[in-house]
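The following exercises concern a single protein model. Each task is followed by a solution in steps.

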Amino acid sequence: MQPVVNCEELIGKVVGRRRRPVDAMTYADGLQRTMGQMVRIRVKRGVYKFHSHEEADQWLTDHLTRKPEN
C-alpha cells in the first residue's frame, strides 16, 4: 500500500500567504469597523410555513431587501 501523500515531494508554488498583523489592536479595530458597517437584517423569529420553495424564496428576498425600520 502506497501513502496518499508523498512527504518527500517539494512544493513548487505557494499561491498566497497569510501574514500576521503588525499590531493586534489595529487589526481588531479594523474588524470592528467592518462589522459596524455591515447591515444587520432583522426578521421576526418564529415558524413560517409556505406552500412551495419558490414562495419561501420570494418571502425571504422581500424581507432581505426591504429598508430597515427605525
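**Exercise 1.** In which helix is the place of Q58? Determine also how exposed Q58 is and which side chain a polar contact joins to Q58.

*Solution.* The model is a predicted one.
Step 1. Q58 has its place in helix α2.
Step 2. The relative accessible area of Q58 is 44%, so Q58 is classed as partly exposed, since that class lies between the cut-offs of 20% and 50%.
Step 3. The side chain of Q58 is joined to that of D62 by a polar contact of 2.9 Å.

**Exercise 2.** State how many helices and strands the protein has, and describe its burial and accessible surface.

*Solution.*
Step 1. The protein contains two helices and zero strands.
Step 2. Of its 70 residues, 0% are buried; the cut-off for that class is under 20% relative accessible area.
Step 3. The accessible surface amounts to about 8,300 Å². Carbon and sulfur atoms account for 54% of this surface.

**Exercise 3.** Compare the span of α1 with the expected value, and decide whether α1 lies largely in the open or is covered.

*Solution.*
Step 1. Helix α1 has 14 residues, for which a rise of 1.5 Å a residue gives an expected span of 20 Å. The expected value takes 1.5 Å times one less than the number of residues.
Step 2. The end C-alpha atoms of α1 are 20 Å apart, in agreement with the expectation.
Step 3. The number of buried residues among the 14 of α1 is zero, and α1 therefore lies largely in the open.

**Exercise 4.** How many salt bridges does a search of the whole structure find? Identify the side chains that meet and explain their placement in the helix.

*Solution.*
Step 1. The search of the whole structure yields one salt bridge.
Step 2. This salt bridge is formed by the side chains of R33 and D29, with an N to O distance of 3.1 Å. The distance satisfies the cut-off of 4 Å.
Step 3. Both R33 and D29 belong to helix α1, where they are four residues apart, about one turn of the helix. An α-helix has 3.6 residues a turn, so residues three or four places apart point the same way.
Step 4. R33 counts as exposed because its relative accessibility is 56%. D29, at 37%, is partly exposed.

**Exercise 5.** Find the aromatic pairs, describe the geometry of the ring pair of Y48 and W59, and name the residues in the cluster.

*Solution.*
Step 1. Two aromatic pairs are found in the whole structure. In one of them, Y48 and W59 are tilted, at 4.6 Å centre to centre and 40° between the planes.
Step 2. Y48 lies in the loop between α1 and α2, whereas W59 lies in helix α2; the pair therefore ties together parts 11 residues apart in sequence.
Step 3. F50 and W59 have ring centres 5.7 Å apart and planes at 50°, so this pair is tilted. The tilted class lies between the cut-offs of 30 and 60 degrees.
Step 4. Ring pairs thus link Y48, F50 and W59 into a cluster.
Step 5. W59 is partly exposed at 22% relative accessible area, and F50 is partly exposed at 29%.

**Exercise 6.** Which residues make the nonpolar surface patch? Locate Y48 relative to the helices.

*Solution.*
Step 1. V43, Y48, L60 and L64 make a nonpolar surface patch of about 310 Å².
Step 2. Y48 has its place in the loop between α1 (24–37) and α2 (53–65).
Step 3. With 37% relative accessibility, Y48 counts as partly exposed, and this value meets the patch cut-off of over 30%.

Conventions
Residues numbered from 1 in each chain as written. Predicted model: local features only at pLDDT ≥ 70, side-chain atom pairs only at ≥ 80, totals over all residues. Heavy atoms only, no water. Patch = residues over 30% accessible without salt bridge, like charges linked within 9 Å, V, L, I, M, F, W, Y side chains within 5 Å. Areas by Shrake-Rupley, 256 points an atom, 1.4 Å probe, with all protein chains shown as cover. Buried < 20%, exposed > 50% of the residue type's maximum accessible area, 1.4 Å probe, protein only. Phe/Tyr/Trp six-rings, centres within 6.5 Å; stacked < 30°, edge-to-face > 60°. Polar contact = N/O pair within 3.5 Å; in protein donor to acceptor, adjacent residues only side chain to side chain.
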